[in-house]
Amino acid sequence: AAEPIALLATRSLEHEVACLALRPPAAAPSPPDASLDASLDASDADAPMETDSGGACGGEPLLAAVGSWTSFSLSLLSLPSLAPCGTTPLGDKGVVPRSLAFYAPAAAPHEYLLCGLGDGKLLYFP
């Protein structure tokens, strides 16, 4: 028989969720870079992610990336607690994040978080 689905945590977010990505446990060869500096174009998303000083997500293997509909930002949450790790604005106001994906190339020393925007731009964060 299948195990029942159990609720582990809930969190009310300040803004509506536009997209969500979960990082699988095996995807992170090294701890994530909490600054999440955008590496595409300085005019697109050049503000570093504001992280909590307690390090709730430092080296945390299970993360959720959440794109916000109305604040045009990206947040990281630790799983399963849903504790916030940090938030960064995505640049242009009015452009909604549409999709997120964690990507860990085999030869890279760290993984990337990819963010597709509603205007066709693709941002990536090391």
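A salt bridge here means a side-chain nitrogen of Lys or Arg lying within 4 Å of a carboxyl oxygen of Asp or Glu. By that yardstick, the predicted model contains 2 salt bridges. The idea behind such pairs is simple: side chains of opposite charge can pair when their charged atoms come close.

One of the two joins the side chains of R23 and E111, with N and O 2.1 Å apart. R23 belongs to strand β1 (residues 17-23), while E111 sits in the loop between β6 (97-103) and β7 (112-117), so this pair ties together parts of the chain that are 88 residues apart in sequence. Both partners, R23 and E111, are buried.

The other salt bridge pairs K121 with D119, and here the closest N and O atoms are 4.0 Å apart. Neither partner is tucked away in the sense used for R23 and E111, because the cut-off for buried is under 20% relative accessible area. K121 comes out at 29%, which makes it partly exposed, and D119 is partly exposed too, at 39%.

As for the overall build, the protein has 8 strands and 0 helices. Walking along the sequence, the pattern simply reads β-β-β-β-β-β-β-β. Of the 126 residues in the protein, 34% are buried.

On the surface, there is a nonpolar patch formed by L13, V17, L20 and L22. Together these four residues offer about 370 Å² of accessible area. L22 is part of strand β1, the strand that also holds R23. With a relative accessibility of 55%, L22 counts as exposed, because the cut-off for that class is over 50%. R23, in contrast, is buried.

The model also has pockets to look at, and the largest pocket encloses about 300 Å³ of space. Its lining is made up of 18 residues, and those closest to the centre are L13, E14, H15, S75 and T87. L13 thus turns up again, having already appeared as a member of the nonpolar patch. Strands β3 (63-68), β4 (73-78) and β5 (84-89) are the elements that give two or more residues to this lining. Among the contributors, β4 gives the most, with 4 residues. Sorted by class, the lining of the largest pocket has 9 polar, 6 nonpolar and 3 charged residues.

Terms used. Residues are numbered from 1 along each chain as its sequence is written. This is a predicted model: local features need pLDDT of at least 70, side-chain atom pairs count only at pLDDT 80 or more; totals for chains, interfaces and linings use all residues. Side-chain values use heavy atoms; hydrogens and water are left out. On a 1 Å grid over the protein atoms alone, a cavity is a set of points where a 1.4 Å probe fits but cannot get out, and a pocket is an open set with protein on both sides within 12 Å along at least five of seven lines; lining residues have an atom within 4 Å of a point. Grid points are joined across faces, edges and corners, and a volume is the space filled by probe spheres set on the points. Ala, Val, Leu, Ile, Met, Phe, Trp, Tyr, Cys and Pro count as nonpolar, Asp, Glu, Lys and Arg as charged, and the others, Gly among them, as polar. Buried means under 20% relative accessible area, exposed over 50%, partly exposed in between (1.4 Å probe, protein chains only). Patches are made of residues with over 30% relative accessible area and no salt bridge: like charges are joined within 9 Å, nonpolar side chains (Val, Leu, Ile, Met, Phe, Trp, Tyr) within 5 Å. Accessible areas come from the Shrake-Rupley method with a 1.4 Å probe; for residues, only the protein chains shown count as cover.
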